[in-house]
Amino acid sequence: MNLQNTYTANTILSAGPDAQKTDHVCKAVLKSRWVLANILKGVIPEYADTPVHEIAETYIEPDQIELYLPVNGFPEQIQGLDKEDTAYLQTTVYYDVRLRALLPNRTKTQVYLYIDVEAQNAARESRLGYPLEKRAIYYMSRMISNQLQTVSRDTNYNVIQKVYSIWICMGDDIPKNMQQSITGFTIAKKDIYRKIDIPKKNYDLMSAVFIRLGHGETEEHLLGMLQTIFTDNAPPEERLKKLETEYGIPRTKEFNEEVSKMCTYSQFMLDRGEKEGLKKGLKTGLETGKYKTYYDLISDGTLTLKQAAEKCSLSPDEFQKKLIELKITEA
């Protein structure tokens, strides 16, 4: 495939160094049909036995493929469903990438999955203020309710089709023992008294998947691909080659651009982290030096504890706690 004629590679090659653009770049990469096809095959059981190229070229937004071919060529970037979900008397939900994908069910009945893919930089509950799992459940509930225009005595609940919410966690706050892992949550039947056969399709309507990235080599195919895109620090050309040879992602012009942007941003974050670390270290050092000076002046009788505390705009108790915090004195 001609490198100059393709979408998912140029995104790994061009982001300005600002945090807001990162969100845009992540979403642009995740709108690649080939990236999505790998994700769907990796975590959605319904696609486990389907080749990646078939998922990309046949099942992801098939109506869009029919609309654009053969006039404008194969649409590598998906169009996606409306990312803004506004419901009466409810909060507005903003999805990163939301799409419909046809199930390879080998029957004449067309069944779709509604899929939400989220790129998440913060994953730890202490940082977010809530468990990410609960947010995923809320998103899925909204995707279920959106399939019914109105609910009344005559509502046909048969129209409800399964939803997936897939969260790609790539931040630096993922606990080490959870990195490079994939966890799924589903609705499952439990026979409390007597075993009863109920078709799985009647209740298996919501599944959440959490993909937690890390650094270093991994044998898990999907983790390896996503880490190559989002967390690998290798040069753009090296990463693009790896994506093509190991993960079968065509090096289209658009994809080159998006992956290039991702690489540029990754380097920016590394540089910024180093600068912030130095700045923080300098600030801590200056603060420690200041309190150490006042501690020495108290020790030699030049200042009283109260006088030193006042110079730091603290009470004597607060001043002593600060000395302990900075390890200048022991509790």
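Lys-327 sits in the segment that follows helix H11 (316-325); helices here are DSSP runs of H or I with at least four residues, strands are runs of E with at least two, and both are numbered from the N terminus. For a residue other than glycine, Lys-327 has an unusual sign of phi, a positive value near 60 degrees. Its relative accessibility is 74%, so Lys-327 counts as exposed (buried means under 20% relative accessible area, exposed over 50%, and partly exposed in between, with a 1.4 Å probe and protein chains only).

A word on the model itself. This is a predicted model in which local features need pLDDT of at least 70 and side-chain atom pairs count only at pLDDT 80 or more, while totals for chains, interfaces and linings use all residues. Residues are numbered from 1 along each chain as its sequence is written, and side-chain values use heavy atoms, with hydrogens and water left out.

The predictor's confidence in each residue is given as pLDDT, from 0 to 100. For the protein chain the mean is 80, and 74% of the residues reach 70 or more. Two stretches fall well short of that: residues 14-21 stay under 50 in pLDDT, with 15 contacts beyond four places in sequence, and residues 268-274 also stay under 50, with four such contacts. A contact means heavy atoms within 4.5 Å. Where pLDDT is low, the predicted coordinates should not be read in detail.Taken as a whole, the protein chain has 11 helices and eight strands. Of its 331 residues, 42% are buried. Among contacts with a separation of 6 or more, 65% link residues 24 or more positions apart. The chain exposes about 19,200 Å², of which carbon and sulfur atoms supply 52%; accessible areas come from the Shrake-Rupley method with a 1.4 Å probe, and for residues only the protein chains shown count as cover.

Next comes the sheet. Five strands form an open sheet in the order E4-E5-E6-E8-E7, with mixed pairing (two strands pair if DSSP finds at least two bridges between them). Strand E4 (97-102) and strand E7 (181-186) each have a single partner strand, so they stand at the edges with one side lacking a neighbour in the sheet. On average, neighbouring strands of this sheet are turned by 20 degrees against each other, direction ignored. The axes behind such angles are lines fitted to C-alpha atoms, for helices over the stretch in contact, and angles run from 0 to 180 degrees between N-to-C directions.

Going strand by strand, E4 and E5 run antiparallel and are joined by six bridges. Leu-99 has Ile-115 in E5 as its bridge partner. E5 and E6 are parallel, with seven bridges between them, and Val-117 stands opposite Ile-166 in E6. Seven bridges also tie E6 (residues 163-169) to E8 (residues 206-212), again in parallel. Here Ser-165 faces Ala-208 in E8.

Helices pack on this sheet too. Helix H2 (residues 33-43) lies across E4, strand E5 (112-120), E6, E7 and E8, and runs at about 110 degrees to E6. Helix H6 (residues 132-145) touches E4, E5, E6, E7 and E8 as well, its direction making about 150 degrees with that of E6.

How enclosed is E5? Nine of its nine residues are buried, so E5 is largely enclosed by the rest of the structure. In a regular strand the side chains alternate between the two faces of the sheet. Both faces of E5 are covered: Tyr-112, Tyr-114, Asp-116, Glu-118 and Gln-120 are buried on one side, and Leu-113, Ile-115, Val-117 and Ala-119 are buried on the other.

Two loops next to the sheet strands are worth a visit. Arg-194 lies in the one between E7 and E8. Like Lys-327, Arg-194 is not a glycine but has a positive phi, in this case about 75 degrees. Its relative accessibility is 60%, so Arg-194 counts as exposed. Thr-218, by contrast, is in the loop between E8 and helix H7 (221-230), and its relative accessible area of 23% makes it partly exposed. Leaving aside neighbours within four places in sequence, Thr-218 is in contact with Gln-180, Leu-223, Gly-224 and Gln-227. Gln-180 is 38 residues away from Thr-218 along the chain, yet their C-alpha atoms are separated by 7.6 Å.

Last, the cysteines. The structure holds zero disulfides, a disulfide being a pair of cysteine sulfur atoms within 2.5 Å. Cys-26 counts as buried, at 4% relative accessibility. Cys-312 is buried too, with a relative accessible area of 10%.
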